Each structure stands twice: as C-alpha cells, then as structure tokens.
There are 2 protein chains.
Amino acid sequence: MKPTDSELEILQVLWQEGPCTVRQVNERLTENRDVGYTTTLKLMQIMYEKGLLTRVEDARSHVYEANVSEEETQATLLERFVGTAFRGSASKLVMQALGSHKTTPAELDEIRKLLDQIEQQP
Amino acid sequence: MKPTDSELEILQVLWQEGPCTVRQVNERLTENRDVGYTTTLKLMQIMYEKGLLTRVEDARSHVYEANVSEEETQATLLERFVGTAFRGSASKLVMQALGSHKTTPAELDEIRKLLDQIEQQP
DNA sequence: TGTTTGCTACGAAATTATTCGTAGGTGGTA
DNA sequence: TACCACCTACGAATAATTTCGTAGCAAACA
C-alpha cells in the first residue's frame with residue numbers, strides 16, 4: 001500500500017473527517033486548490049478498486065471510508081522515505097526534523113520519554 | 001529543487017562518491033536494479049539542465065557533480081513529507097521514526113542533546 | 001409529467017516521469 | 001587508413017498519474 005500524492009491527500013481528509021461522500025471530500029480539497037468533482041470521484045473509485053477505501057452504496061451517493069489506518073500508512077511511507085532520502089539513517093532524519101520544525105515543550109517531553117524507553121530496553 | 005525518485009538516486013551516488021562520469025554512476029545504479037546506460041545519461045542531462053548537477057566537459061566523457069547539497073535537499077524533501085504524510089506534525093514523525101527504526105545509543109544521546117538545546121531557547 | 005439537479009461510471013486526454021534506440025563523433029589500435 | 005569501443009545528444013516510446021468530458025440514471029420539484 002503506497003498511496004500516490006493525490007491519494008494521500010484524500011486519505012488525509014477521510015482520516016480527519018471519518019466517512020464522507022465524494023462531494024464532501026471534494027469540498028475539502030478545493031479549500032486548498034482547484035480540483036474538479038469528477039477528478040476526485042475518479043480517484044476515489046480507483047482507490048476503492050485498490051482496496052484503499054471501502055464504501056457503502058445504500059444511499060444515492062456512496063459513502064467512502066479509509067480502509068488503511070493513518071499509522072500504518074505513515075509507517076510505510078516513512079520507511080520508504082528514510083531509505084531514499086536519508087539512506088536509512090532514522091537518526092539523521094530525526095535531527096533534521098527537530099532542528100527545522102517548531103515543536104511544543106509538551107511534544108519534546110513526549111519524545112524524551114520515548115528515548116528513555118528505548119534506552120532501557122536490554 | 002524537488003528531485004524525482006530517479007534523480008534522488010543519482011544524487012545519492014554523487015554525494016557518496018563525489019564527481020563521477022555517467023558510466024560510474026550507472027555502474028553504481030546497476031548494483032541494485034537494471035538501468036540502461038542511456039537512461040542514466042538522459043537523466044543526468046536533464047538534471048544538468050535543471051541545475052541539479054554541474055559538469056566538466058574537458059575530458060572525452062563528462063564529469064558530473066551534485067550542485068545541491070545533501071542537507072538542503074533532505075530539508076526540502078522533509079518539509080514536503082512532514083506536510084503531506086504527517087499533516088505538518090514533526091513530533092509525530094519523530095516518534096514514528098524512533099519507534100520503528102533501530103538507533104544506536106550514541107545517536108540517542110545526540111538527539112537528547114538537541115532536545116536540551118531546543119528547550120533552552122527562550 | 002416534464003425539467004432540473006446531482007450522482008456514478010468510464011473512456012480518454014493531458015501531464016509527468018522513465019526508458020531506450022539510433023545517429024554521429026572521437027580516439028585508440030591493428 | 002579502417003575498424004572497434006565508447007561517448008554525447010536527442011527524439012520518441014512507454015509507463016504512471018492526474019484531470020476532465022460525457023453519457024446515463026434517479027430523485028426532487030415545479
């Protein structure tokens with residue numbers, strides 16, 4: 001399961017909003033950029049065929065839902081990304097990410113706790 | 001500067017090896033998968049036109065060099081990636097990366113130091 | 001009932017990325 | 001000189017992704 005960029009954009013909407021019709025997704029997408037309705041429809045149909053989405057056809061307009069979780073998708077994408085962009089070095093990626101993005105104190109704490117956990121493992 | 005996957009693969013070789021001829025790059029690439037010589041040539045020509053590479057034409061075979069640094073490229077790609085895959089949450093990405101990849105104690109220490117630095121800033 | 005509105009399905013164009021074949025040139029070497 | 005090996009340039013085929021137009025159907029409504 002390696003969604004394309006457009007597919008990921010749609011998944012993001014569904015992860016945030018839960019089950020949606022094509023129109024609802026399309027409305028969210030058009031907040032950022034111009035996307036035709038049938039473009040979104042076609043993409044969601046393809047994603048349905050691929051198994052990335054499920055749908056309920058009861059109503060006149062189908063209701064779609066993500067069939068892959070946000071976490072597992074992120075894990076897959078991250079795996080690829082660390083490999084291609086950082087030659088597999090997760091720590092280099094982490095340093096870059098922390099260095100150039102703003103992180104709240106609470107988040108920093110959480111990361112620290114995770115570090116503790118990892119170091120305590122035998 | 002947003003290199004494609006194939007372009008990134010070539011940049012990786014040049015970052016690791018320094019200046020190379022097309023043949024040298026191609027030989028490195030074919031270690032992993034089948035790539036025709038002219039395929040690599042064409043890609044590197046395109047990258048040269050885009051300004052991603054420089055080249056010296058003195059010798060019979062041109063010698064290419066990366067014209068973007070590994071760090072700035074990683075930063076650009078990371079920026080995009082955090083945005084599209086993690087909705088901008090760098091800390092979520094960091095947690096995932098630390099959780100699912102093996103990191104040495106030395107690297108963990110380095111990350112910890114970076115956390116300290118960030119927290120000390122006003 | 002006839003018209004408008006909104007939906008799905010789907011073919012196909014448009015765009016972007018990747019791969020490769022071929023032409024033409026240059027240097028080494030028998 | 002004639003041949004072979006290796007190089008560049010470049011057009012064009014292929015593949016993957018995204019976009020859109022159109023047909024057809026069904027509910028809502030004047």
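Mentor: In this predicted model, helix H3(A) makes the greatest contribution to the surface near DNA strand C, supplying five residues. Its partners there, each with at least two residues, are helix H1 (5–17) and helix H3 (37–50) of chain B.

Trainee: Which residues come nearest to DNA strand C?

Mentor: A residue is counted as near when one of its heavy atoms lies within 4 Å of the strand. Of the 20 residues around DNA strand C, the nearest are Arg23(A), Tyr37(A) and Gln45(A), together with Thr4(B) and Ser6(B). On the DNA side, sugar and phosphate make up 60% of the strand C atoms that come within 4 Å of the protein.

Trainee: How many residues of the surface near DNA strand C are nonpolar, polar and charged?

Mentor: Two residues of that surface are nonpolar, while nine are polar and nine are charged.

Trainee: Which parts of DNA strand C do the side chains of Lys42(A), Gln45(A) and Arg55(A) approach?

Mentor: A polar contact is read from a pair of N or O atoms within 3.5 Å. The side chain of Lys42(A) has an N or O atom 3.5 Å from a base nitrogen of DNA strand C, whereas that of Gln45(A) has one 2.9 Å from a phosphate oxygen. Arg55(A) also places a polar side-chain atom by a phosphate oxygen of this strand, at 3.1 Å, and Arg55(A) lies over the face of Tyr48(A) as well, 4.2 Å from the ring centre.

Trainee: Where does Arg55(B) lie with respect to Tyr48(B)?

Mentor: Arg55(B) sits over the face of the Tyr48(B) ring, at 4.2 Å from its centre.

Trainee: Turning to the other strand, which helix gives the most to the surface near DNA strand D?

Mentor: That helix is H3(B), with five residues, and at least two residues each come from helix H1 (5–17) and H3 of chain A. Among the residues that come nearest to DNA strand D are Thr4(A), Arg23(B) and Arg60(B), and 63% of the strand D atoms within 4 Å of the protein belong to sugar or phosphate, the rest being base atoms.

Trainee: What polar contacts do Ser6(A), Tyr37(B) and Lys42(B) make with DNA strand D?

Mentor: Phosphate oxygens of DNA strand D lie 3.0 Å from a polar side-chain atom of Ser6(A) and 2.5 Å from an N or O atom in the side chain of Tyr37(B). For Lys42(B), the partner is a base nitrogen of DNA strand D, at 3.5 Å.

Trainee: Which residues do ring pairs link into a cluster?

Mentor: Phe81(A), Phe86(A), Phe81(B) and Phe86(B) are joined in this way, and a search over all chains finds three aromatic pairs in the whole structure.

Methods:
Residues numbered from 1 in each chain as written. Chains lettered and ligands numbered in written order. Predicted model: local features only at pLDDT ≥ 70, side-chain atom pairs only at ≥ 80, totals over all residues. Heavy atoms only, no water. Polar contact = N/O pair within 3.5 Å; in protein donor to acceptor, adjacent residues only side chain to side chain. Helix = DSSP H or I, 4+ residues; strand = E, 2+ residues; numbered from the N terminus. Nonpolar A, V, L, I, M, F, W, Y, C, P; charged D, E, K, R; others polar. Phe/Tyr/Trp six-rings, centres within 6.5 Å; stacked < 30°, edge-to-face > 60°. Lys NZ or Arg CZ within 6 Å of the ring centre and 35° of its normal.
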